[in-house]
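The following note is offered to a colleague who is meeting this structure for the first time. Please read it with the sequence and the model at hand.

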Amino acid sequence: MSKALHIELRLAQRMSRLGTETAFEVLAKARALEAKGRDIVHLEIGEPDFDTPANIVDAAVDALHHGFTHYGPSAGLPDLRKAIADEVAASRHTSVSPDEVVVVPGGKPIIFFTLMALVQEGDEVIYPNPGFPIYESMIELLGAKAVPIQLREDREFRLDTKELKSLINERTKLIILNSPQNPTGGVMTKQDIEEIAAILADTDVMVLSDEIYSRLIFEGEHYSLFSYDDLRDRIILLDGFSKTYAMTGWRMGYGVMRVDLAQQIARLMTNSNSCTASFTQKAGIEAICGPQASVKVMNDEFRKRRDYFAERINRIKGFSCLVPKGAFYMFPNITATGWKSKPLADALLDEAGVAALSGTSFGAFGEGYLRFSIANSLENIRKALDRVEEWAGKNVK
Ligand code: PLP
């Protein structure tokens with residue numbers, strides 16, 4: 001063995017503050033069990049099980065044949081930025097200029113870049129908990145203070161706006177909102193958004209509004225702070241293609257924000273990725289401007305799975321589950337099982353062959369819950385619930 005391999009790895013201190021997304025770890029553990037011959041039902045990872053619609057795939061292939069294989073502008077191809085601006089303007093009932101749009105490889109980089117651009121040591125960032133784990137991870141990486149706002153089941157996992165107000169102080173730099181929400185499926189109402197807008201009016205706090213599940217709504221409508229023109233200079237809208245068009249592996253998302261900030265995010269793109277893949281962006285134009293029927297087909301299927309899952313899980317001893325209004329996750333309360341979340345998730349994987357995530361993967365306030373992704377076929381969801389039911393019959397008193 002070469003001597004060089006014995007040199008101690010001296011990581012930058014900040015790496016000790018970096019968290020992770022447990023879904024990828026549980027997926028790896030589940031795959032290792034499969035490699036040993038176990039049959040596992042995968043309800044851990046949040047990605048649509050549908051194929052990307054054929055018209056979008058065709059557009060990418062066509063773009064490859066037409067030379068979209070080179071670098072493009074860091075902020076995205078002008079015609080995609082225009083398509084996104086028009087789509088966001090229509091869906092959020094406002095006007096948007098293409099200069100306000102930055103295309104990046106997935107929704108996640110908007111979280112990364114926004115925090116990099118705005119947040120520094122000493123700042124506070126309010127974020128939903130339980131919530132997408134990357135928020136807390138990134139806030140801490142940057143040495144800022146992560147201030148959780150608890151999402152409670154008795155409010156259908158919508159944040160309490162009075163509590164939000166009480167958490168804001170002169171150090172608060174940014175608030176992260178997410179609706180429809182991962183992992184709870186909670187959806188903010190028009191009134192919630194109005195109340196938040198009123199709170200913000202008296203402050204200079206910025207908001208990262210993560211709306212990656214904006215098209216995955218089962219009841220009611222999607223409401224966004226982005227519709228409030230008076231607040232536009234504070235709002236960074238995050239949306240993308242991964243969930244809406246089953247394009248998780250394509251890596252394409254976007255942020256919409258004031259032009260001066262968009263230019264800074266584009267600088268971060270120049271310094272990191274250079275640009276989002278050009279042929280992928282051409283497919284993005286087709287996704288937005290082409291037929292939208294596939295979005296409805298997927299939503300209808302997710303709704304069927306949601307209804308089935310809720311009906312079944314609520315009959316299993318120790319489990320109780322709200323019916324989520326958006327996204328594609330179920331977040332049952334498991335306190336009546338007498339188990340803590342992490343040991344329960346581990347036991348279901350090891351003993352029942354069902355991969356789910358502990359609520360604590362989404363922050364401390366996720367204790368008492370599990371997250372099941374329903375981005376799997378009804379047949380597999382049925383199989384998983386049969387197994388959970390059988391397991392609970394033996395292990396829950
Ligand atoms: N935001 C939330 C709330 C998510 O759940 C996810 C993915 O699971 C993302 C952002 C990241 O999406 P992408 O895969 O496009 O980076």
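The points below deal in turn with the sheets, the ligand site and the unusual backbone geometry.

1. The model under discussion is predicted. Residue numbers start from 1 along each chain as its sequence is written.

2. One open sheet is formed by seven strands, whose order is 2-8-7-6-5-3-4, and its pairing is mixed. Strand 2 (101-104) and strand 4 (145-150) stand at the edges; each has a single partner strand, so one side of each is left without a neighbour in the sheet. From one strand to the next, the twist averages 20°.

3. At one end of that order, strand 3 (residues 124-129) and strand 4 run parallel and are joined by six bridges. Within this pairing, proline 128 has isoleucine 149 of strand 4 as its bridge partner. As general background, the strands of a sheet pair through backbone hydrogen bonds, in either a parallel or an antiparallel manner.

4. Helix 3 (residues 78-91) packs on the seven-stranded sheet. The helix touches strand 2, strand 7 (235-240) and strand 8 (253-256). The direction of helix 3 makes about 115° with that of strand 2.

5. A second open sheet consists of three strands in the order 9-12-11, with antiparallel pairing. Its edge strands are strand 9 (329-330) and strand 11 (357-358), each of which pairs on one side only. Strand 11 and strand 12 (residues 370-373) run antiparallel and are joined by two bridges. Here the bridge partner of leucine 357 is arginine 371, in strand 12.

6. Which residues are the closest to the ligand? They are Asp210, Tyr213, Ser242, Lys243 and Arg251, in a surrounding set of 13 residues. By class, the residues of this shell divide into four nonpolar, five polar and four charged.

7. Several side chains place polar atoms beside the ligand. Asparagine 182 has a polar side-chain atom 2.8 Å from an oxygen atom of the ligand. For aspartate 210, a polar side-chain atom lies 2.6 Å from a ligand nitrogen atom. In the side chain of tyrosine 213, an N or O atom is 2.7 Å from an oxygen atom of the ligand. Taken alone, the ligand exposes 390 Å², and the protein buries 94% of that.

8. The loop between strand 5 (172-178) and helix 7 (190-201) deserves a careful look. Proline 180 is found in this loop, and a cis peptide bond with omega of about -10° joins serine 179 to proline 180. Proline 183 is also placed in the loop between strand 5 and helix 7; the peptide bond leading to proline 183 from asparagine 182 is cis, with omega near 15°. Asparagine 182 is thus named twice in this note, since its side chain also has a polar atom 2.8 Å from a ligand oxygen atom.

9. Glutamate 156 lies in the loop between strand 4 and helix 6 (161-167). Its phi is near 55°, a positive value in a residue other than glycine. In general, most residues other than glycine have a negative phi, and most peptide bonds are trans.

Key:
Predicted model: local features only at pLDDT ≥ 70, side-chain atom pairs only at ≥ 80, totals over all residues. Heavy atoms only, no water. Pairing = 2+ DSSP bridges. Helix = DSSP H or I, 4+ residues; strand = E, 2+ residues; numbered from the N terminus. Axes fitted to C-alpha atoms, helices over the stretch in contact; angles between N-to-C directions. Contact = heavy atoms within 4.5 Å. Near = heavy atom within 4 Å. Polar contact = N/O pair within 3.5 Å; in protein donor to acceptor, adjacent residues only side chain to side chain. Areas by Shrake-Rupley, 256 points an atom, 1.4 Å probe, with all protein chains shown as cover. Nonpolar A, V, L, I, M, F, W, Y, C, P; charged D, E, K, R; others polar.
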